[in-house]
Each structure stands twice: as C-alpha cells, then as structure tokens.
Amino acid sequence: MPESKLDQIQKLLEKRKKQVVTAIGEKHSESLDWLKKNGLDLEELRENQIKRLAAATATGILLLSPGSMAPAGENHTSQNRSLDEGGLDLSDVANPGVFLAQTLKEKIAAQNESGVEDFIAANFGVNAKYEIGGYRMNVNIGLIGAEQHLYRWAGDQVENHLENDTDRQMFGRSGIAPHRGAYGYFGEPGSKLARDRERYYFAIQTFLSPNWQTDIKGTYNFFRFRKLVAINTKTGQAVVGVVGDAGPAKFTGKSYGGSPEIMHFLGLGSGPRKGEILLLFVDDPKDEIPLGPVSLGKESA
Amino acid sequence: MLVFYERFIEIKPLEEEIHSLEISEEEKENLKFLSAEIFHHHALEVVLDSLQEEDKKEFLKAVEGGTELNLAQLLKDKVTGYETVLKEKLEKVRDEIVAEIRKVKND
C-alpha cells in the first residue's frame, strides 16, 4: 500500500527536525550539558514552550459548565451608564450584552477608532483606547484562546490559585504553566495585587507590536501589566485584566490568550474555549478601574 | 519568552500550503505544530551559533523562564544583526518546507 501524502510530509518534517536537533547537539554540547544539569534537555525546553504555545489551542480540557456560575467574592466593576453621553437605552432589550455587541461590531466595521472608544465609554463605563503614548498592539480584534495559570511569585503553587470550591470546580483543571510569564512574577508573595493580576491576565503578541523594534525597554515597560479591556464581540461580555504574558504563537491562528478566569467572564470558559474579542488599552492613570468582569450596571438618564 | 522568532518570519505561505492539503483539520494542526518546532530549533541554532559559551547559558535561561525584556536585550546586545540573520534563516527554512509539501502534494 503506497504511503499517504500526509505520512510523506510528516516524515519529511520529522527528518528536518532531527537534523537541526542533531546539529545543535554537535555544535553546542557544552551548553546542552549545562542545560541537562539544570534539569532540562533540548527536547524538554522545546516541549515546555510548545505546551505553552499550544495552551491556547487546547480543546481537551473540559470545565464544568461555568457559564452560569460566578465565583464568590468577585470584584465586579459596576458603573452608571449615561444615556446623556451616548449610552443606549437597554430597558426594553431582552439581552443587553448581545445588543451592545452587535452595535459595537457596526462601530468597528466603520473603522472609526474614536467612535468605538466613545461607544465603550458610554455603554461599558471604561475609558478604552486603541493607542496610549504612541504604543499600539499589533491587532485589536481577533481570537482569544485559553491559557493556563501562571506562577504569581517564586514558590507559588496552582492549589493556591483556587480560593474556594467554586474556583476549584471551575478553574482547577486548567493547570499551571511550567514557569513564570514573559513579564516576570506578578508581584509580592501573597499580595492582592499579584493575585488579581494573575487572575485576570492576558497574553498578547507584544513581540509583534510595532513599537518593539524601536525601543525594547520602553515597550516592555509600557506593556508590563498594562490594563486592558476585552469585549466578546458576540455576547458583549467584558472583562478588565492586565498584560501578563507574551503569546500565543501566530501559527495557532489566535491573537490573544486569557487566564482561566478571563475566559470564564468572557463567556468562553467551556466548549472550544476560544472566540472573537475586541481588546483595547484602558486609560486609567489613577488606577481606579478594578480588574475583573465589567457589569453593564444601571442607566442613569 | 517563547516565541521570540515569530517576529522575523511570515508564516502565512506555509499555513496556506498546509491548508491546501486534503487532510483533516487535526492533521493540519499537527503539521503546523511540527513546523513550529522546526522553526524554534532553527532559531535556537542561529542564536547559539552567534554566542560565546557564557552567553549561550544566559540565552537558554532566558528562553526557558526569563522575561521578554531579558531575551530581547540579550539578542540585541550579543548577536550582531540578529533580526536579519534570523529572518533570512527562517524564511529559507519556510520556503524549503513549502517546496517539499508542494512537491509531495503534486506528485
């Protein structure tokens, strides 16, 4: 029986991989020995990375229908929407989130960035921006996929991320990445700041930001724990979080990653665990907007 | 920092080639993952080839668990013209893989 085209291609790729791994081993044996002494070899180094790259595409992790559950003690962002400032009257709307999402998509399609920003400010109560201080993300609308928990400080353990039974049920199976995020630990051990940042972190492709090439340190400092708001473009569910990691890889087809909690509050915590979002900076110089889900609140005419 | 090399390569031509194959979505994903591993190893090789022994350890540490800043700064400081070198190497590898897949597909 002739070999299938898929098998032929796989063999060719495996052969290429073997060749480059062998070449590295031959040329850099001292470094690889050192790596081994530190508990890793080239394959494990690659595996750790691929695992994280793959996290955003993982579909095998099933959570227990988190859509209707809300962890106790979540710090919901509430605000008064203002009809005077362009907020839509949602009093007779059956599903306000979906209604807002549909209108938001029309604004996005019109490619009027200030119009989108004004709409979010009026309807979600968040001062969202495409650009701050000349910094931009590589893309503002795209697919987000589920990431794992990250170490918040040295010696952290995944069990400590799960603060109650609801957390354990909803987020326990997500696991924890093998090392800290690309922006380092999230804060002082045990601090609320570190806890909140990790709980609501995004991975974004900062390495593809237009600013990265011109000013490495400035760009890193700008993005590190930068506050962002994500809005599910189908359901209008929104959450504020911070940049906590770099990724996902382009080949995953996704533009962003979200912590287990971020995915839950975007309504993407079950099923394929991915979906389209709008992601913008939050202009919040006084740090007044808490991290966590954004509730639509009540209108005030 | 995990995907330091992706800034230097446009993977769309390879993705298009893989997507043109008459195989399942899962099989396409597997081929993309395998290709990503190859790019990753080649990127490591290019950088390691350019570094002194002590710097190689710093680099491997940064790749495994460092911050994006550590790694970007190290590359900038220690590998002359690293953007061009990585881009040329990875594009060459990509084009070779595309050609190989195309040949199998058309045989």
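**Exercise 1.** In this predicted model, decide whether A:R273 is buried or exposed, and say where it sits and what phi looks like there.

*Solution.* Start with the accessibility. A:R273 has a relative accessible area of 3%. The cut-off for buried is under 20%, so A:R273 counts as buried. Next, place it in the chain: A:R273 is found in the loop between helix 9 (260-265) and strand 8 of chain A. Finally, check the backbone. Phi of A:R273 is near 55°, a positive value although the residue isn't a glycine.

**Exercise 2.** Now do the same for A:Q111: which loop holds it, and is it buried or exposed?

*Solution.* Look between helix 4 (96-109) and helix 5 (113-124) of chain A, and you'll find A:Q111 in the loop there. Phi is near 55° for A:Q111, again a positive value in a non-glycine residue. Then the surface: A:Q111 comes out at 73% relative accessibility. Exposed means over 50%, so A:Q111 falls in the exposed class.

**Exercise 3.** Work out how strand 8 of chain A is enclosed and which strands pair with it.

*Solution.* Begin with burial. Strand 8 covers residues 274-282 of chain A, and 7 of its 9 residues are buried, so the rest of the structure largely encloses it.

Then take the pairings one at a time:

- Strand 2 (residues 128-129) of chain A runs antiparallel to strand 8, with 2 bridges. Here A:K129 stands opposite A:F281.
- Strand 3 (residues 141-146) of chain A is also antiparallel to strand 8, and 5 bridges join them. A:L143 has A:E276 as its bridge partner.
- Strand 5 (residues 227-232) of chain A pairs with strand 8 in the antiparallel sense over 5 bridges. In this pairing, A:I231 faces A:L278.

**Exercise 4.** Where does A:Q205 lie, which residues does it contact, and what sort of peptide bond joins A:G247 and A:P248?

*Solution.* First, location: A:Q205 is in the loop that links strand 4 (201-204) to helix 8 (216-223) of chain A. Second, burial: with 4% relative accessibility, A:Q205 counts as buried. Third, contacts. Set aside the neighbours within four places in sequence, and A:Q205 touches A:N138, A:G247, A:P248, A:A249, A:K250, A:K254 and A:S255.

Two names in that list deserve another look. The peptide bond between A:G247 and A:P248 is cis, with omega at about -5°. A:P248 itself belongs to the loop between strand 6 and strand 7 (256-258) of chain A.

**Exercise 5.** Describe the make-up of chain B, then find what covers the buried residues of its helix 4.

*Solution.* Count elements first: chain B has 5 helices and 0 strands. Its C-alpha trace spans about 45 × 25 × 20 Å along the principal axes, and 58% of its 107 residues are buried. Among contacts with a separation of 6 or more, 68% link residues 24 or more positions apart.

Now zoom in on helix 4 (residues 68-78) of chain B, where the buried residues are B:E68, B:L69, B:L71, B:A72, B:L74 and B:L75. As for the cover, chain B supplies helix 2 (25-50), helix 3 (53-65) and helix 5 (82-106), while helix 8 and strand 6 (238-246) of chain A are also included.

One last step is confidence. Chain B averages a pLDDT of 88, with 96% of residues scoring at least 70. The model's scores are ipTM 0.94 and pTM 0.77.

Definitions and conventions
Residues numbered from 1 in each chain as written. Chains lettered and ligands numbered in written order. Predicted model: local features only at pLDDT ≥ 70, side-chain atom pairs only at ≥ 80, totals over all residues. Heavy atoms only, no water. Helix = DSSP H or I, 4+ residues; strand = E, 2+ residues; numbered from the N terminus. Buried < 20%, exposed > 50% of the residue type's maximum accessible area, 1.4 Å probe, protein only. Contact = heavy atoms within 4.5 Å. pLDDT = per-residue confidence, 0-100. Pairing = 2+ DSSP bridges.
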